[in-house]
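Subject: A structure for you to look at

Hello,

I hope your week is going well. Here is the structure I promised to pass on; please open it and keep it beside you while you read.

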Amino acid sequence: MVVGNNVLSGGSHIVRAALLVALAALLETTLSPLLTFGWVGPRILVIGVVAAVMGLRDLQALLLGFFGGVLTDTLGGGQFGIAALGGVLAAAISIRIGTTRRKGETGVFLARAVAVAIVAYDLLSLIAPVLAGQEGPPVVNYLLSGVVPDVLLNAVLAYFVGGRLLRLIATKEERWI
Amino acid sequence: MGSKKPSAVSGLAALIILCVASLALFTIYVREGDSGPLHTIQLGASEVLRPVRGLLNLATWPFSAASERIEGVVDTSEKKKELEEKALEYEEGAAEAARLRQENERLRSLLQGEQPSFEYGPLARVIQPVGGQLTDRVVINVGTNDGVGPEQPVVVGNNALVGRTTSRVTPNTAEVLLITDQSFAAGVRIVPPEGSEDESGETTSAGGGPSEEESHGEGLLRTSWEGYLGVDYVDLDAGAVQGDFVVTSGRAGNRELIFPPGLLVGTVESAISQDIEQYMKIVVAPTVQADDLQEVRVIVGW
């Protein structure tokens with residue numbers, strides 16, 4: 001696991017992170033639809049992946065993001081592959097932004113990473129129907145009334161909830177570092 | 001430093017491979033048919049998740065009920081009154097259209113010697129909405145065990161259309177594509193209310209259902225990305241006016257009889273003809289608000 005710039009390895013941590021991602025995928029497909037209004041709603045998978053992969057090695061993090069995405073694709077009714085790609089990108093963004101993180105800035109880091117990941121996820125959702133040969137929403141309209149409030153909502157959620165998620169997956173030894 | 005470089009390279013390679021794998025899954029999903037492996041996996045998972053979805057829906061019910069009550073309290077009395085009046089208008093419109101349809105069916109049966117009727121599945125409860133930002137679908141608690149199949153009309157009451165089932169029908173659940181989803185389309189006919197005058201000044205016969213000649217045009221029902229329900233491709237000289245009923249015509253482009261004719265969709269809220277446009281711009285007020293769905297029925301035969 002990485003705390004600051006230190007890489008730690010722990011089987012227990014990876015298992016907990018995988019469980020968190022699986023739970024996030026389950027909630028994404030069952031709870032999120034009930035809380036979504038128009039184009040805006042909590043992206044539990046993205047928040048879960050960004051928080052869970054924090055501190056993992058690159059390959060572990062990317063595989064975990066992919067796993068979460070595929071699980072969401074399987075359990076949900078959306079176009080298969082989109083959540084998988086979104087999960088991988090969320091993990092990659094978490095890794096990239098994690099390298100610039102300073103100690104004690106967990107909330108801010110999570111909010112930043114989730115905000116960027118949500119932009120990527122929403123843009124994927126915008127492009128997917130077009131790639132599938134369907135009509136997509138008007139781009140400017142979607143960006144203004146979909147992506148922007150979505151980013152704000154999820155960044156705030158990540159800021160307040162992300163820290164608790166991290167405490168869930170961190171082992172006792174890791175919390176002392 | 002030296003050990004970090006190979007890690008970064010392997011990370012980048014993994015990122016590329018996983019992105020390609022995701023896109024490959026997407027391509028397979030789009031290209032495979034409804035009975036393809038990925039679709040089948042989703043169907044199985046949907047069946048497995050049914051109890052979880054039911055429980056969550058039950059758990060969130062008090063919140064949705066409370067939010068409705070709060071909305072009712074904070075709502076201004078004027079707006080509430082306006083909404084109540086609108087609801088009454090819709091109900092009256094639906095009742096009128098239902099009567100017209102029944103009369104129409106009776107006349108048709110006299111002409112053709114057969115009585116068209118709908119065969120309904122059991123009353124179904126809406127379990128929960130389906131995820132996805134750009135879709136408007138719900139899952140209902142009836143499936144193939146109840147005689148429900150793919151691409152069947154879903155109604156409230158006897159004939160108020162709210163959507164159709166998709167290909168995702170399991171033994172105990174069915175996914176419903178609502179009329180407010182942007183990918184929903186249905187062939188519709190615009191018919192004048194009973195007793196109204198058409199453009200030629202003739203009054204439609206009392207008690208007689210709207211015939212082809214009395215129709216105020218046909219078109220394709222769709223929901224725009226701006227969020228309003230409209231009828232596309234209605235000729236400028238069709239004569240549709242505010243208050244006309246919108247009912248299914250039994251056709252959707254080249255696909256015939258996805259919906260039986262005569263299902264009520266709503267009333268024309270506004271109809272604008274501009275010479276500069278090729279078609280009329282028609283906005284429809286739906287009979288049933290898709291957000292308020294509780295119980296629906298699937299028409300399994302007609």
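Below is what I found in it, going from chain A as a whole to one helix pair and then to the contact between the chains.

Please bear in mind that this is a predicted model, so a word on confidence comes first. The mean pLDDT of chain A is 85, and 90% of its residues score at least 70. By element, helix H4 (residues 58-75) of chain A has the highest mean pLDDT, 94, while strand E1 (residues 2-3) of chain A has the lowest, 44. Across residues 1-9 of chain A the pLDDT stays below 50, and in the model this stretch makes 18 contacts beyond near neighbours in sequence. I would read those contacts with the pLDDT in mind.

Now the overall make-up. Chain A contains 8 helices and 2 strands. In sequence order these run β-β-α-α-α-α-α-α-α-α, that is, both strands come before the helices. Along the principal axes, the C-alpha atoms of chain A occupy a box of roughly 50 × 30 × 25 Å. A compact globule of 177 residues would be expected to have a radius of gyration near 16 Å, and the 16 Å of chain A agrees with that.

One helix pair in chain A is worth a visit. Helix H3 (residues 44-52) of chain A packs against helix H6 (residues 106-131) of chain A at an angle of about 135°, and their axes are 10 Å apart. H3(A) and H6(A) are therefore oblique to each other, and the crossing of H3(A) past H6(A) is right-handed. On the H3(A) side the contact is made by A:Val46, A:Ile47, A:Val50 and A:Ala51. Facing them from H6(A) are A:Leu110, A:Ala113, A:Val114, A:Ala117, A:Ile118 and A:Tyr121. By class, this contact of H3(A) with H6(A) has 10 nonpolar residues, no polar and no charged.

Last, the two chains together. Which parts of chain B supply at least two residues each to the side that touches chain A? They are helix H1 (4-31), helix H2 (37-74) and strand E2 (124-129) of chain B. In total, 36 residues of chain B are in contact with 35 residues of chain A. H1(B) gives the largest share of the chain B side, with 13 residues. That side of chain B divides into 19 nonpolar, 13 polar and 4 charged residues.

Happy browsing, and do write back with your thoughts.

Best wishes

Key
Residues numbered from 1 in each chain as written. Chains lettered and ligands numbered in written order. Predicted model: local features only at pLDDT ≥ 70, side-chain atom pairs only at ≥ 80, totals over all residues. Axes fitted to C-alpha atoms, helices over the stretch in contact; angles between N-to-C directions. Helix = DSSP H or I, 4+ residues; strand = E, 2+ residues; numbered from the N terminus. Parallel < 35°, antiparallel > 145°, perpendicular 65-115°, else oblique. Left-handed = near helix turned anticlockwise from the far one by under 90°. Contact = placed C-beta atoms within 7 Å. Nonpolar A, V, L, I, M, F, W, Y, C, P; charged D, E, K, R; others polar. pLDDT = per-residue confidence, 0-100. Rg over C-alpha atoms; globule rule 2.2 N^0.38 Å.
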